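Reader: I've just opened this one and I'd like a close look at a single part of it, not a tour of everything. Pick the part that ties distant bits of the sequence together and talk me through it slowly, please.

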Amino acid sequence: MINVHHLENSRSQRVLWMLEELELEYEIKHYARDKKTKLAPTALRDIHPLGKSPVITDGDVVIAETGAIIEYLVEKAGKLGPGASSSALLQYRYWLHYGEGSTMPPLLMKLLFDAVTTRPMPFFAKPIAKAISKGVLNSYILPQIKMHLDFMEAELGESP
Ligand SMILES: N[C@@H](CCC(=O)N[C@@H](CS)C(=O)NCC(=O)O)C(=O)O
């Protein structure tokens, strides 16, 4: 039986979505984030040394990393992925890696730079922190996110 070690509000949502699409049977073990640090609980490290989510187990097999999990599930279900000689294979691989490799870095940076301004800090530091955060967001992060969203929009516009 596939077991999803599901951390709340995390990339693990993608794995649940994929399992539903593939109509595979699975069970969910829920993990809550630490209220203060927002990090995963140490219990997830009992499953995989990094203690990150998503991670799944299937019997004795432990699989971490979104792309690797998705590939494992697609192969197990024998559907959705393109055939080995298919011309769609390169596209499939590209989009599989693109999510984590290209889009997550600016999204994660946005999350962190947004959080900078809401963290407790001495009152005199706040305007400086805000100015730095706004500067990085406007000069780099937001234009990068827009570029990726425009790219995805254009590609989806041409594909079924
Ligand atoms: N590239 C990894 C990223 C895993 C990752 O960083 N997951 C986050 C949740 S979205 C996490 O576990 N954060 C909690 C922590 O770092 O303690 C993947 O796609 O599986």
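Author: Take the contacts in the protein chain between residues at least 6 apart in sequence: 53% of them join residues at least 24 apart. Keep in mind that this is a predicted model. A good place to look for such long-range links is the sheet, so to speak, and here's how that part is put together.

The chain has four helices and four strands, and along the sequence they come in the pattern β-α-β-β-β-α-α-α. The four strands make one open sheet with mixed pairing, and its order is β2-β1-β3-β4. At the edges sit β2 (26-31) and β4, each pairing on one side only. From one strand to the next, the twist averages 20°.

What holds strands side by side in general? Strands of a sheet pair through backbone hydrogen bonds, either parallel or antiparallel.

Now zoom in on the β1/β3 seam. β1 (residues 2-7) and β3 (residues 55-58) run antiparallel to each other, with four bridges between them. You can pick out individual partners: valine 4 bridges to isoleucine 56 in β3, and histidine 5 bridges to valine 55 in β3.

Step across to the other side of β3 and you meet β4 (residues 61-64), again antiparallel and again over four bridges. Here threonine 57 has valine 62 in β4 as its bridge partner, while isoleucine 56 stands opposite isoleucine 63 in β4. That puts isoleucine 56 in the middle of a little row, with valine 4 as its bridge partner and isoleucine 63 facing it in β4. β3 and β4 are joined as a hairpin with two residues between them, and glycine 59 in that turn has a positive phi of about 65°.

As you scan along any of these strands, remember a rule of thumb: in a regular strand the side chains alternate between the two faces of the sheet.

Asparagine 3 is a handy residue for seeing the long-range links up close. It lies in strand β1. Ignoring neighbours within four places in sequence, asparagine 3 is in contact with Tyr26, Glu27, Lys29, Ile56 and Thr57. Try asparagine 3 and alanine 64 as well: they are 61 residues apart in sequence, yet 12 Å apart in space, C-alpha to C-alpha. Is asparagine 3 buried or exposed? It falls in between, because it has 16 C-beta neighbours inside 10 Å and so counts as partly exposed.

Next, what lies across the sheet? Helix α1 (residues 12-22) lies across β1, β2 and β3, and runs at about 145° to β1. The loops on either end of that helix each hold a residue worth clicking on. Asparagine 9 is in the loop between β1 and α1, with phi near 45°, a positive value in a residue other than glycine. Asparagine 9 counts as exposed because 10 other C-beta atoms lie within 10 Å, and 12 or fewer is the cut-off for that label. Glutamate 23 is in the loop between α1 and β2, and it too is a non-glycine residue with positive phi, near 55°. With 8 C-beta neighbours inside 10 Å, glutamate 23 is therefore exposed as well.

One more loop, leading into β3. Proline 54 is in the loop between β2 and β3, and the peptide bond joining serine 53 to proline 54 is cis, with omega of about 10°. Both of those residues turn up in the shell around the ligand, which includes Leu7, Ser10, Arg11, Lys52, Ser53, Pro54, Glu65 and Thr66. Sorted by type, the full shell comes to four nonpolar, three polar and four charged residues.

Finally, zoom back out to see the setting. The C-alpha atoms of the chain fill a box of roughly 60 × 45 × 20 Å along the principal axes. The radius of gyration is 19 Å, whereas a compact globule of 160 residues would have one near 15 Å. Of the 160 residues, 12% count as buried.

Methods
Residues are numbered from 1 along each chain as its sequence is written. This is a predicted model: local features need pLDDT of at least 70, side-chain atom pairs count only at pLDDT 80 or more; totals for chains, interfaces and linings use all residues. Two strands pair if DSSP finds at least two bridges between them. A residue is near a molecule or strand if its C-beta atom, placed from the backbone, lies within 6 Å of it. Ala, Val, Leu, Ile, Met, Phe, Trp, Tyr, Cys and Pro count as nonpolar, Asp, Glu, Lys and Arg as charged, and the others, Gly among them, as polar. The radius of gyration is taken over C-alpha atoms; the globule rule is 2.2 Å times the number of residues to the power 0.38. A residue is buried if 20 or more other C-beta atoms lie within 10 Å of its own, exposed if 12 or fewer, and partly exposed in between; C-beta atoms are placed from the backbone. Two residues are in contact if their C-beta atoms, placed from the backbone, lie within 7 Å. Axes are lines fitted to C-alpha atoms, for helices over the stretch in contact, and angles run from 0 to 180 degrees between N-to-C directions.
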